[in-house]
Amino acid sequence: MIHAESNFQQMAVRMLRANGFYCFSVPNGTQLKPTQSRIAKAEGMLAGVSDVIILLPGGKTVFAEFKNPNGKGRQSPAQRDFEENVRAFGFEYLLWSDWKQVEDFINGRKKELAPIIK
């Protein structure tokens, strides 16, 4: 992952968690040895899976893909296929490339967390 994209994702995850969102990443970008890669694929690893998965009350799941905030990041064909499948199953898929998109999500969805934040 490009350094700026990684920093952007790290900051967004910190802000999401600080605001009560339950989210986690799927480390598909990790470089694996060929044997490890074969095992991971057999265990279900899938190319193109979004960077972060956010769980919301009521069984809602949001898939967020981060792109370099310099505006040059593009989805790979596998990422576009993943997005298409996620949407076909009725889930929300977000493509974030700037901080305002993250802030708008947090501000717009935080009220959904009110019943469960302790």
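**View 1. Seven residues at the centre of the largest nonpolar core.** Of the 18 residues in this core, L16, F21, I54, F66, W96, V102 and F105 touch the most other members. A nonpolar core is a set of buried Ala, Val, Leu, Ile, Met, Phe, Trp, Tyr and Cys residues joined through side-chain atoms within 4.5 Å. Buried means under 20% relative accessible area, exposed over 50%, partly exposed in between (1.4 Å probe, protein chains only). At least two core residues come from each of α1, β2, β3, β4 and α4. The largest share, 4 residues, is supplied by α1. Helices (H or I, at least four residues) and strands (E, at least two) are DSSP runs, numbered from the N terminus.

This is a predicted model: local features need pLDDT of at least 70, side-chain atom pairs count only at pLDDT 80 or more, and totals for chains, interfaces and linings use all residues. Residues are numbered from 1 along each chain as its sequence is written, and side-chain values use heavy atoms, without hydrogens or water.

**View 2. F105 and its contacts.** F105 touches L16, F21, I54, V62, L94, W96 and K110, leaving aside residues up to four places away in sequence. Contact means heavy atoms within 4.5 Å.

**View 3. The two faces of helix α4.** In α4 (residues 99-109), V102, F105, I106 and R109 are buried. They lie on the same side of α4 because they cover an arc of only 95 degrees around its axis (taken from the directions from the helix axis to the C-beta atoms). These buried residues pack against α1 (3-18), β2 (52-56), β3 (60-66) and β4 (92-96). On the face turned away from the buried side, K100 and N107 are exposed.
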